[in-house]
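Let's take a walk through this protein together, going from one part of the fold to the next. Keep the structure open beside you as you read.

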Amino acid sequence: MAGQPWFSSKRVTIAVAAGLFGLALIALAFRIGVAPQEPGPPAAGSEREAPPKRQRPTWNVALGNVVYLARELGLDVRAVKGDPPDIEKIAARIESQLMRLREIYREEGEKNPILMGSLVLQLRVGADGAVGAVEEIASRLSDTRFKRAAIAEVSGWNFAEIVTEPAVIRCPLMFVREGMEIVTLVSWERALARPAGEQAAAAPAGSAPANQAALRKAAPQPVLPAPAQPQPRAVPAAGERSRPEALYQIKYATPLRKEPNFSSESLTRLTIGTKVTLLRRTGDWVEVRYNDGGLTGYLRKEFVVPVDANP
């Protein structure tokens, strides 16, 4: 009995020591689990630089000779009666019909390096959407023959399903040479189109002469005297038969139509330089015989030139 207290105190000591050891192990494990790791060097390519912001181009450069619908010069639509057609749909339809006019401009631009400028047309459209008449309102194009060909092409446009009642469309077009900047040219055209009093009012007092001199110096000059061109032989008068030797050739690729109107059936397509014999004139159309195929049909008078002139 005398040794029992010693034994009990020894057991207590061992139990306390074991408990402290266990607590130490738990603390060590917790510290290892939460200890922050030293950041190592970043792996190659792990840090990506933020991509630079793309800047919107401020220059709209024509990459080729183009025809541009210059809405800034006054695209307008009005109905003869009732509400006017949707101008956005009108603009989209014009854009969809510009391809052939662009081809004609590029063909002619290869021969006439100064052919550029604006052409504002008024289109009278019927209830069926067909263009009935085209009138030139304003122009800065120097080539009269080219203007007539452009007007003839526009006369064949159609606005079916968009125009259901007679309407009038003011259609401003810009003919721009390769490499020339469209936005500046349009601004220049707008400045020239303003009345003199409005131009003076828009400029700061005392600065108008200097501004106008700078404009004349910096702006391109689209209207220059056209180079001398061979004078074509006269087209026969209406109803007059031409001589058999009246040989002409195609100036712009065009369909040969059965009747003298744009809605008539196309008999074949004539390419540039194709030889035709002029038979007679019917208004702005001429009747020709396609010499290779023997077909007889009609095309616009602006689309043919004498064989001794450049097509």
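Which elements do the buried residues of α3 pack against? Before tracing them, please keep in mind that this is a predicted model. The elements that the buried residues of α3 pack against are β1 (66–69), α2 (87–96), α4, β5, β7 (254–257) and β8 (266–270). On the α3 side, the buried residues are R100, L101, R102, I104, Y105, E108 and G109.

Now for the wider setting. The protein is built from seven helices and twelve strands. It has 311 residues, and 36% of them count as buried. If you look at contacts between residues at least 6 apart in sequence, 69% join residues at least 24 apart. The accessible surface comes to about 19300 Å², with 56% of that belonging to carbon and sulfur atoms.

Let's return to α3 and pick out Y105, which will lead us to some aromatic rings. A search of the whole structure finds four aromatic pairs. In one of them, the ring centres of Y105 and F175 are 5.2 Å apart and the planes meet at 75°, so this pair is edge-to-face. It links distant parts of the chain, since Y105 sits in helix α3 (residues 99–109) and F175 in strand β5 (residues 167–176), 70 residues apart. Both Y105 and F175 are buried.

F175 has another partner. The rings of F146 and F175 have their centres 5.4 Å apart, and with their planes at 85° this pair is edge-to-face as well. Here F146 comes from helix α4 (residues 144–154) while F175 is in strand β5, so the pair ties together parts that are 29 residues apart in sequence. How accessible are these two phenylalanines, buried or exposed? F146 has a relative accessible area of 0%, so it is buried. F175 also counts as buried, because its relative accessibility is 0%. Taken together, Y105, F146 and F175 form one aromatic cluster.

F146 brings us to its helix, α4. This helix is mostly covered, with eight of its eleven residues buried. Those buried residues are F146, K147, A149, A150, I151, A152, E153 and V154. What covers them includes α3, β3 (117–125), β4 (131–139), β5 and β11. At the N-terminal end of α4, D143 acts as a cap: one of its side-chain oxygens lies 3.1 Å from the backbone nitrogen of R145.

From α4 we can step across to β11. R300 is found in this strand, which spans residues 296–300. You may wonder why R300, an arginine, is classed as buried. Its relative accessible area is 12%, and the class takes in values under 20%, so R300 belongs there. Leaving aside neighbours within four places in sequence, R300 is in contact with A152, F262, D284, W285 and V286. One of these contacts, A152, is among the buried residues of α4 that you met above.

Finally, let's come out to the surface. In helix α1 (residues 4–34) you will find I26. Its relative accessible area is 57%, so I26 is exposed. Together with L20 and L23, I26 makes a nonpolar surface patch of about 330 Å².

Conventions
Residues are numbered from 1 along each chain as its sequence is written. This is a predicted model: local features need pLDDT of at least 70, side-chain atom pairs count only at pLDDT 80 or more; totals for chains, interfaces and linings use all residues. Side-chain values use heavy atoms; hydrogens and water are left out. Patches are made of residues with over 30% relative accessible area and no salt bridge: like charges are joined within 9 Å, nonpolar side chains (Val, Leu, Ile, Met, Phe, Trp, Tyr) within 5 Å. Accessible areas come from the Shrake-Rupley method with a 1.4 Å probe; for residues, only the protein chains shown count as cover. A salt bridge is a side-chain nitrogen of Lys or Arg within 4 Å of a carboxyl oxygen of Asp or Glu. Helices (H or I, at least four residues) and strands (E, at least two) are DSSP runs, numbered from the N terminus. Buried means under 20% relative accessible area, exposed over 50%, partly exposed in between (1.4 Å probe, protein chains only). Rings of Phe, Tyr and Trp (its six-membered ring) pair if their centres lie within 6.5 Å; planes under 30 degrees apart count as stacked, over 60 as edge-to-face and the rest as tilted. Contact means heavy atoms within 4.5 Å. A polar contact is a pair of N or O atoms within 3.5 Å; within protein, one must be able to donate a hydrogen and the other to accept it, and residues adjacent in sequence count only if both atoms are side-chain atoms.
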